[in-house]
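Thank you for coming, everyone. Please take a moment with the sequence and the picture on the screen, and then I will walk through some of the parts one at a time.

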Amino acid sequence: MPKIPHRLYLTEDQMPRQWYNLRADMPEQPDPMLNPATGKPVTEEELYPIFCKELAHQELDGETRYVDIPADILEEYMIYRPSPLIRAYNLEKALDTPAKIYYKFEGNNTSGSHKLNSAIAQAYYAKQQGIQRLTTETGAGQWGTALAEACAYYGLELDVFQVKCSYEQKPFRKAIMQVFDANVVPSPSMTTEIGRQILAKDPNTTGSLGCAISEAVEKATHTDSCRYVLGSVLNQVLLHQSIIGLEAKTAMEILDEYPDIVIGCAGGGSNLGGLIAPFMQDKLTGKADPRIIAVEPASCPSLTRGRYAYDYCDTGKVTPMARMYTLGAGFVPSANHAGGLRYHGMSPILSKLYHDGYMEATSVKQTEVFEAAVYFAKKETILPAPESAHAIRAAMDEAIRCRESGEAKTILFGLTGTGYFDMTAYSAYREGIMQDYIPTDEDLERGFASLPTIPGIQE
């Protein structure tokens with residue numbers, strides 16, 4: 001058999017022409033989102049003031065297995081896709097492991113991440129509907145950058161509410177969003193009513209994604225011809241990101257390979273849900289049984305230490321409530337946490353799959369994540385995004401276990417993007433001043449205290 005290449009790129013003709021909707025093959029659907037005003041399942045029409053109509057439909061559609069990718073979106077995808085499937089030969093050699101390690105690299109675009117896959121789709125549907133302006137939140141800045149790119153292409157105005165500590169730690173992320181004409185605001189801010197309320201309670205807050213979502217939704221619902229878009233968590237986002245896993249599976253089939261273990265970092269769930277989609281389909285339908293591992297930060301451990309409950313998706317409690325693993329909408333991660341993945345909850349789809357035993361979850365400390373990131377960069381020459389390095393850490397640990405057991409397992413992980421805008425964090429790690437923060441049980445209880453009471457559903 002010829003040697004497997006270091007990098008395999010599909011041709012444009014081999015790219016998926018449809019997204020895959022994982023919900024269509026789930027034995028049980030995730031519990032429905034609830035209208036916070038009525039406590040009843042939200043309808044598609046009730047989402048129209050927030051989302052574009054097609055995106056609202058995709059959000060609630062649990063039956064359509066495959067969704068055609070519009071031709072215009074495919075044209076945009078082809079600027080930076082297909083993305084490569086890479087065999088980590090150097091990493092395997094350094095770890096002295098019999099395991100075969102593959103990673104799907106999503107960093108070949110200006111945003112430096114997988115986020116552009118959904119940003120293009122959401123901006124496209126807004127343009128098709130005649131919407132003129134979008135609002136969103138961003139934490140580390142990957143999503144804000146990706147959406148700024150997409151909005152610039154489609155001629156849409158964009159307001160980005162960036163978590164304040166990230167806004168301050170990553171000035172070049174702000175700068176690149178502004179290159180693409182986005183208006184970037186540190187959140188919480190004085191530009192919205194919810195922002196003013198949050199600042200009145202805690203003038204020194206470093207912000208959270210929940211805060212930024214609240215501000216972005218308020219701005220969207222109080223602005224003419226404007227809608228809100230989100231870069232993770234939502235069902236529609238996991239649908240768009242399924243192109244990652246579909247490409248990866250096709251590439252592995254060409255190589256006559258199949259992963260024993262699939263690993264992705266987990267914050268809100270977008271890249272993890274996208275990467276695992278076709279492999280989880282095989283698991284759900286009995287065609288194969290890969291181990292699927294979600295890796296989250298120990299400082300924001302929604303799956304490993306959170307509660308499976310209905311919660312607000314934002315701090316201001318204006319969005320629909322979703323049943324998910326959550327730390328509580330009021331949870332604010334430590335400001336010294338530099339690895340992204342800061343959301344208080346997890347995708348309802350992934351939460352349901354984890355709750356029903358179809359996937360595993362683990363958490364890792366920040367210093368261990370950056371140790372893996374630096375090691376990987378030295379061996380594979382790509383400086384990974386800190387978010388991606390959570391998956392790298394777990395993949396390395398699994399490869400070491402293979403070395404100890406002698407098992408030649410095939411490992412696939414998602415390299416969601418590059419870390420070139422994260423040099424402050426890398427410098428902190430190299431200088432020995434990076435600290436680990438792990439919330440205490442008391443810290444988490446304060447977040448859980450904010451979980452809503454829903455008569456007849458969640459007492």
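Let me begin with a single side chain: Tyr325 has a relative accessibility of 10%, and because anything under 20% is called buried, Tyr325 counts as buried. I should say at once that what you see is a predicted model, and that the values I quote are computed from it.

Staying with aromatic rings, the structure holds 14 aromatic pairs. In one of them the rings of Tyr325 and Tyr354 have their centres 5.2 Å apart, with planes at 70 degrees, so this pair is edge-to-face. Tyr325 belongs to strand E13, residues 321-326, while Tyr354 sits in helix H14, residues 348-355, so the pair ties together parts that lie 29 residues apart in sequence. Elsewhere, Tyr124, Tyr125, Tyr153 and Tyr154 form one aromatic cluster.

Now to the sheets, beginning with the one built from 7 strands. It is an open sheet with mixed pairing, and its order is E1-E4-E5-E15-E10-E11-E14. Its edge strands are E1, residues 7-8, and E14, residues 360-364, each of which pairs on one side only. Further in, strand E10, residues 261-265, runs parallel to strand E15, residues 410-415, and 3 bridges join the two; Val262 is the residue that stands opposite Leu412 in E15. E10 also runs parallel to E11, this time with 5 bridges between them, and here Cys265 has Val295 of E11 as its bridge partner. As for how covered E11 is, 6 of its 7 residues are buried.

Which helices lie against this sheet? One of them is helix H12, residues 270-285, which lies across E5, E10, strand E11 (291-297) and E15, and which runs at about 155 degrees to E10. Another is H11, which packs on the sheet by touching E1, strand E4 (85-87), strand E5 (100-105) and E15, with its direction making about 140 degrees with that of E5.

H11 deserves a little more of our time. This helix covers residues 235-254, which is 20 residues, and reaches 29 Å from its first C-alpha to its last, close to the 28 Å expected at 1.5 Å a residue. Along the way H11 bends by about 30 degrees, and the bend is at Gln241. How many of the residues of H11 are buried? The count is 17 of the 20, so the helix is largely enclosed by the rest of the structure. Just after H11 comes Asp256, which takes a positive phi of about 60 degrees.

Let me turn to two residues and what surrounds each of them. Tyr20 is found in strand E2, residues 18-20, and with a relative accessibility of 1% Tyr20 counts as buried. Leaving aside residues up to four places away in sequence, Tyr20 touches a list of residues that includes Asp25, Arg65, Tyr66, Leu239, Ser242 and Leu246, and also Ala277, Pro278 and Gln281. By contrast with those contacts, Tyr20 and Phe161 are 30 Å apart in space, C-alpha to C-alpha, and 141 residues apart in sequence.

The second residue is Ala121, in helix H5, residues 116-129. Its relative accessibility is 0%, so Ala121 counts as buried. With residues up to four places away in sequence again left out, Ala121 touches Trp19, Ile73 and His240. Between Ala121 and Leu147 there are 9.8 Å from C-alpha to C-alpha, and the two are 26 residues apart in sequence.

Finally, there is a sheet of 4 strands, also open, in the order E8-E7-E6-E9, and its pairing is parallel. Strand E8 (183-187) and strand E9 (226-228) stand at the edges with a single partner strand each, so one side of each is left without a neighbour in the sheet. If direction is ignored, neighbouring strands of this sheet are turned by 20 degrees against each other on average. Strand E6, residues 133-138, and strand E7, residues 157-163, run parallel and are joined by 6 bridges, and Thr135 stands opposite Asp159 in E7. Across E6, E7 and E8 lies helix H8, residues 171-179, which runs at about 175 degrees to E7.

That brings me to the end of the tour, and I am happy to go back to any of these parts on the screen.

Key
Residues are numbered from 1 along each chain as its sequence is written. This is a predicted model: local features need pLDDT of at least 70, side-chain atom pairs count only at pLDDT 80 or more; totals for chains, interfaces and linings use all residues. Side-chain values use heavy atoms; hydrogens and water are left out. The expected span of a helix is 1.5 Å times one less than its number of residues. The bend at a residue is the angle between axes fitted to the seven residues ending there and the seven starting there. Buried means under 20% relative accessible area, exposed over 50%, partly exposed in between (1.4 Å probe, protein chains only). Two strands pair if DSSP finds at least two bridges between them. Contact means heavy atoms within 4.5 Å. Axes are lines fitted to C-alpha atoms, for helices over the stretch in contact, and angles run from 0 to 180 degrees between N-to-C directions. Rings of Phe, Tyr and Trp (its six-membered ring) pair if their centres lie within 6.5 Å; planes under 30 degrees apart count as stacked, over 60 as edge-to-face and the rest as tilted.
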